[in-house]
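Me: I would like a close look at a single part of this model. Take any enclosed space inside it, and tell me what surrounds that space and how the surroundings connect to the rest of the chain.

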Amino acid sequence: MFSVIACIRDDHDWRLILVAAIVCLAGSVATMLLLLRAQRSEGSQRGLWIAASGFACGIGVWSTHFIAMLAYDGGVPVAYGAWGTLLSVAVAIAASWLAFAIGLGGRSHLSMSCGGLLLGAGIAAMHFTGMRAIEIQGHISYDPETTVSAVLAGTMLAGAALHAFQLLRGVRRMVVASLLLVVGICALHFTSMSGITLVPEADVAVAQTIHPAWLAGGVIAASTTL
């Protein structure tokens, strides 16, 4: 816990962290509103609303991740691989859509909770796909225990978010489910980041990359779309 706090305090720009939190909250609220509409729809309309909620969640998670990454300073210049960055947003949207389709499509009272666990796993997959897109003159070292803790925390909290969405009603449903999803996304990201080390290596070549300024523009466009 203290290592996570120290990571946020010492290695991140607080202004961008605040922006990431606002985007994460907006994405989570939009997701739950669209998911509510999907739950109240039938047939092909339900499918369209599920797709919309998956898109909103995926874009929100992806934007939060990369804004937080732009806030991160590991002591090594960082750029981002184009294909890895695009793959990470595709993973986020696809995993969110699949999780919501399973959650609303299943007949068991545990379907939404299972969908939430899948959503958490998808968020983790997006996070590490996004981390693979990082290009530095060196390599990234992960602490195994911290990484496992991050994935478990994010997955369980995402499962709790959709469980609350199914169990609660009215304003409480939206507030509790949205906040649990925000906490899950942030817990996964910052816990994982507290366990990484950027190790410089002079003989490592950097592939074709997206400059952080261009990435920031893309994230702003995605957030505005959301």
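Reply: A cavity here is a set of grid points where a 1.4 Å probe fits but cannot get out. A residue belongs to the lining if it has an atom within 4 Å of such a point. Keep in mind that the model is predicted.

How many cavities of 30 Å³ or more are there by this rule? The count is one. The largest cavity holds about 50 Å³ of space.

Which residues form the lining? They are Val61, Thr64, His65, Ile123, Met126, His127, Ile185, Leu188 and His189. Three elements give two or more residues each: helix H3 (43-71), helix H5 (111-132) and helix H7 (170-193). By class, the lining of the largest cavity has five nonpolar and four polar residues. Charged residues are absent from this lining.

Start with Thr64, a lining residue. Thr64 sits in helix H3. Its relative accessible area is 7%, so Thr64 is buried; the cut-off is under 20%. Beyond its neighbours within four places in sequence, Thr64 contacts Ala20, Val23, Cys24 and Ile185. Ile185 also lines the cavity. Ala20, Val23 and Cys24 are among the buried residues of helix H2. Thr64 therefore makes contact with both H2 residues and a fellow lining residue, and is itself buried at 7%.

Now follow H2. This helix covers residues 14-39. H2 has 26 residues and reaches 37 Å from its first C-alpha to its last, close to the 38 Å expected at 1.5 Å a residue. Its buried residues are Ile17, Ala20, Val23, Cys24, Gly27, Ser28, Ala30, Thr31, Met32, Leu35, Leu36 and Ala38.

Ser28 is a second link to the lining. Its relative accessible area is 1%, which means that Ser28 is buried. Not counting residues up to four places away in sequence, Ser28 touches Ser178, Leu181, Val182 and Ile185. Ile185 thus appears again, as a partner of Ser28 and as a partner of Thr64. Ser28 and Met174 are 146 residues apart along the chain, with 9.3 Å between their C-alpha atoms.

Turn to Leu188, another lining residue. Val151 touches Leu188, as well as Ala124 and Phe128. Between Val151 and Leu188 there are 5.9 Å, C-alpha to C-alpha, and a sequence gap of 37 residues. Is Val151 buried or partly exposed? Val151 is partly exposed, because its relative accessibility is 26%.

Val151 belongs to helix H6 (residues 144-167). H6 has 24 residues and spans 34 Å from first C-alpha to last, close to the 34 Å expected at 1.5 Å a residue. The buried residues of H6 include Thr147, Ala150, Gly154, Thr155 and Ala158. Further along H6, Ala161, Leu162, Ala164 and Phe165 are also buried.

Val183 gives another view of H7, the helix that holds it. At a relative accessible area of 45%, Val183 counts as partly exposed. Val183 and Leu157 lie 7.2 Å apart, C-alpha to C-alpha, and 26 residues apart in sequence.

H3 has a further connection, through Ser96. Ser96 lies in helix H4 (residues 82-105). Ser96 counts as buried because its relative accessibility is 2%. Leaving aside neighbours within four places in sequence, Ser96 is in contact with Gly54, Cys57, Gly58 and Leu119. The C-alpha atoms of Ser96 and Gly54 are 4.6 Å apart, although 42 residues separate the two along the chain.

Finally, the whole chain. It has eight helices and five strands. Their order from the N terminus is α-α-α-β-α-α-β-β-α-α-β-β-α. Of the 226 residues, 46% are buried. Among contacts with a separation of 6 or more, 84% join residues 24 or more positions apart. The accessible surface comes to about 11,000 Å², and carbon and sulfur atoms account for 69% of it.

Notes: Residues numbered from 1 in each chain as written. Predicted model: local features only at pLDDT ≥ 70, side-chain atom pairs only at ≥ 80, totals over all residues. Heavy atoms only, no water. 1 Å grid on protein atoms, 1.4 Å probe; cavity = no way out; pocket = protein on both sides within 12 Å on 5 of 7 lines; lining within 4 Å. Points joined across faces, edges and corners; volume = space filled by probe spheres on them. Helix = DSSP H or I, 4+ residues; strand = E, 2+ residues; numbered from the N terminus. Nonpolar A, V, L, I, M, F, W, Y, C, P; charged D, E, K, R; others polar. Buried < 20%, exposed > 50% of the residue type's maximum accessible area, 1.4 Å probe, protein only. Contact = heavy atoms within 4.5 Å. Areas by Shrake-Rupley, 256 points an atom, 1.4 Å probe, with all protein chains shown as cover. Expected span 1.5 Å × (residues − 1).
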